[in-house]
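Hi everyone, thanks for coming. I'd like to walk you through a structure that will be new to most of you, so have a look at it while I talk.

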Amino acid sequence: RGGGGGGGGGAVSEGGGGGGGSGGGESPMSLLAREGEKELQAALQKVQADMESQGCSHEEIGSQLASVRESHAAYMRQQRQMLQEREEVYKEAIAEGLTPEAAKARVQACAQWQQQMQRLQAKHQAAMQKTHHEAEAAGVSTAEIKRRLEAQRRLQQAEAEAWQQKMRARQQAASEAAEKGQSAAEVEKAVKAVTRAQDAAWAEREAALLAAEGVARREAAEAVVRRC
């Protein structure tokens, strides 16, 4: 028994954000807070109704509602940080002399980058849970479970760093090509070449890390056999 998870991202999470103060109207941060509160209330009502219909106790319902509030608060912190990043990108673009349209295009690219980062984080979270479940199912020791989770964490950190490096390299390639006055097709070609090189470098590093983990697991299993 038990209700659903935290209040996930609705329309707010997709926003471009950061259109310089246009006077009047609601600020993006205020809109984010209002929409977030609406999402939270809807999530709390749904969880409470679901759990009441399942006959859960007040304690169980209260605990689950607290969990929903906690996860929603973490989600909103991330949304505020992402919105601030997009607003900063807009301000920097305007300061560089870009037109509002060009600045908004840069903000949109930033929003896409943020969404890709969120997907990577979700993938990592799922992989960590899978590693834990598989280790428990294999009946390995607590120390070996801890070692596997640490190895998974190191792999994920390396992947996140490689991904960020790739994004920076793509941005640099696009800027350099644009500064040379190259066409949109030439800029895209330069970005694709950098992407291929970065992906190949990560594939090589990932293979080495996975091979090292395979050796570590074999050695751990052999040590168990020797002790028996």
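Let's start with a pair of helices: α1 passes α2 in a right-handed crossing. If you sort the residues where α1 touches α2 by class, you get 15 nonpolar, six polar and six charged. Before I go on, please keep in mind that this is a predicted model.

So how do these two lie in space? Two packed helices are described by the angle between their axes and the distance between the axes. For helix α1, residues 28-53, and α2, the axes come within 10 Å and cross at roughly 160°. Anything over 145 degrees counts as roughly antiparallel, and therefore α1 and α2 are roughly antiparallel to each other.

Now follow the chain onward. Helix α2 covers residues 58-95 and helix α3 covers residues 100-137; their axes come within 9 Å, crossing at roughly 150°. That makes α2 roughly antiparallel to α3 as well. The handedness here is right-handed.

Who does the touching? On the α2 side you'll find, among others, Gln78, Met82, Arg86, Val89 and Ile94, and they meet residues of α3 including Pro100, Ala103, Val107, Cys110 and Gln114. Split by class, this contact of α2 with α3 has 10 nonpolar, five polar and four charged residues.

Okay, let's zoom out. How many helices and strands does the protein chain have? Five helices and zero strands. Reading along the sequence, the pattern is simply α-α-α-α-α.

What about the inside and the outside? The protein chain has 228 residues, and 28% of them are buried. On the surface, the chain exposes about 14600 Å², with carbon and sulfur atoms supplying 53% of that.

And the contacts along the chain: take those with a separation of 6 or more, and 72% of them are between residues 24 or more positions apart.

One residue to finish on, if you want to find it on the screen: Ala216. Where does Ala216 sit? Ala216 is in helix α5, which runs over residues 184-227. Is Ala216 buried or partly exposed? The cut-off for buried is under 20% relative accessible area, so with 21% relative accessibility Ala216 counts as partly exposed. Then look for Ala151: 65 residues separate Ala216 and Ala151 in sequence, and their C-alpha atoms are 9.6 Å apart in space.

That's it from me, thanks for listening.

Definitions and conventions. Residues numbered from 1 in each chain as written. Predicted model: local features only at pLDDT ≥ 70, side-chain atom pairs only at ≥ 80, totals over all residues. Heavy atoms only, no water. Axes fitted to C-alpha atoms, helices over the stretch in contact; angles between N-to-C directions. Helix = DSSP H or I, 4+ residues; strand = E, 2+ residues; numbered from the N terminus. Parallel < 35°, antiparallel > 145°, perpendicular 65-115°, else oblique. Left-handed = near helix turned anticlockwise from the far one by under 90°. Contact = heavy atoms within 4.5 Å. Nonpolar A, V, L, I, M, F, W, Y, C, P; charged D, E, K, R; others polar. Buried < 20%, exposed > 50% of the residue type's maximum accessible area, 1.4 Å probe, protein only. Areas by Shrake-Rupley, 256 points an atom, 1.4 Å probe, with all protein chains shown as cover.
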